[in-house]
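Q: Please take a close look at the backbone of this model, at the places where its geometry departs from the usual pattern.

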Amino acid sequence: MYKKANGQTIYPYGPESPKPAILIKNGRVLDPENAIDDVLFVAIKEGKIVSFSTEEPEEFTPDTVIDAAGKWVTPGLVDLHVHLREPGREDKETIISGTQAAAAGGFTAIACMPNTNPVLDEESKIRYVIQRSEYCSCHIYPVGSITKGLEGKVLSPFGEMVKAGAKAVSDDGRSVYNANTMRNALNYAKSFDIPVMCHCEDPDLANNGHMNESVVSTRLGVRGIPSISEEVFVARDIMLAEYTGARVHICHVSTAGAVQLIRWAKKRGAKVTCETCPHYFVFTDEDLETYDTHKKMNPPLRTPGDREAIIAGLADGTIDIIVSDHAPHCAEEKEVEFDEAAFGVIGLETMLGVSITHLVKKDHLSPLDLVKKMSVEPNKIFGLNGGSLSVDSTADVTIIDPDATWTVDPSLFYSKSRNSAFEGLSLQGYAATTILNGKVVFDRTGE
Ligand SMILES: [Zn+2]
């Protein structure tokens, strides 16, 4: 057990862990796939959902009863954009600590990006992550690289990576600069029906900037990254998606122009999905007046107008999913001059609370919409079976207290890193219990 001072507990998990019969009662079950938003009993046995019903199920003897009064019971949450840092930078995060952070954040599955050292660019590296995940607190779906070593030149062996368990490819951290290489990657990915996750950034236009290019960057004297550097590559990659018929997933959308382009591409029938991150619907570049390096990420925080467009894109369905882009860094890389600081913030343990506080409580999304963006759609994009509480499905379940008020204290995180943009913020809502394969792996009430 890994217990924290505030009552959070992670329980050990393994393939041979006993899977008790669990009855969840009095909870508000939110299951968009089955059009359910109702107070129901959910029964779990041997790792599967065995029933959900308005009456207490007969002939079901639970080993554990969870009273979820006032709470939401949802299919397990999924975060498709996480940097686990293992192999290579285990001082920042490991597969173990990152998946514990995920479980504490309510996630039963995450996708891990390939920009580790070494890069996840061949079968053996994908297999390494899968093998390490067996005893972890959530499922891990590795993303293989598009090009060997993320160098943008030679395509990685997609077929053998997919066979080993990769669910998508990405050179996240940088874009694939050469359009013909990208075209070839899309055709190659299409033959395996996997999405290509695009980090959209024209490095020439980004010009080694450190924050959004605007009047604020001019006033602060920091070199800017213009929104057009993102939009040029979003436009290119959705055009290539339409041209090749391949599936493109645009990572961490941060600008109004990118939202507009993706809305247009979807109308045209291009196979395009996209994601945004909590920091883009909460903060703007005006929050950088204090040169807070914990708000330095790539893409950078944009303008208030961009933030409005991100929220509108979430509300109208242009933006399919919310991801954390969890990017752990040690203190030495953040406690330096703004220009010297590393890009990236952690987010696994705050994403749910931030999304409830800033989207659901402000009526931009209904609770069902939030479950779609944090469970149903991520499952669909990766072609997974999760995302519903249907009878016989794997019992990956998140129980959420939507009204719990808490203050973000990174010292209580399971993540090894502390670079949170949300430190000190007051939030509403968190995961109360996380159930993986029918076993409680995290709760907040453990003695
Ligand atoms: Zn990226």
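A: What follows goes through the unusual backbone angles and peptide bonds one by one. The model is predicted, so local features are held to a pLDDT of at least 70 and side-chain atom pairs count only at pLDDT 80 or more, while totals for chains, interfaces and linings use all residues. Residues are numbered from 1 along each chain as its sequence is written.

As background, most residues other than glycine have a negative phi, and most peptide bonds are trans. Helices (H or I, at least four residues) and strands (E, at least two) are DSSP runs numbered from the N terminus. Strand 4 (residues 36-45) and strand 5 (residues 48-53) run antiparallel and are joined by five bridges, where pairing requires that DSSP finds at least two bridges between two strands. Ala-43 has Ser-51 of strand 5 as its bridge partner, and in the two-residue turn of this hairpin Glu-46 has a positive phi of about 50 degrees.

Two loop residues also have a positive phi: Asp-193, near 50 degrees, lies between helix 4 (179-190) and strand 12 (196-198), and Asp-363, about 65 degrees, lies between helix 12 (351-360) and helix 13 (367-381). A residue is exposed if 12 or fewer other C-beta atoms, placed from the backbone, lie within 10 Å of its own, buried if 20 or more do, and partly exposed in between. Asp-193 is exposed because 10 other C-beta atoms lie within 10 Å, and Asp-363 is exposed with 8.

Turning to the peptide bonds, Asn-117 and Pro-118 are joined in cis, with omega about 5 degrees, and Pro-118 sits in the loop between strand 9 (107-112) and helix 2 (123-132). The bond from Asn-298 to Pro-299 is cis as well, with omega near 0 degrees, and Pro-299 is in the loop between helix 9 (278-282) and helix 10 (304-315).
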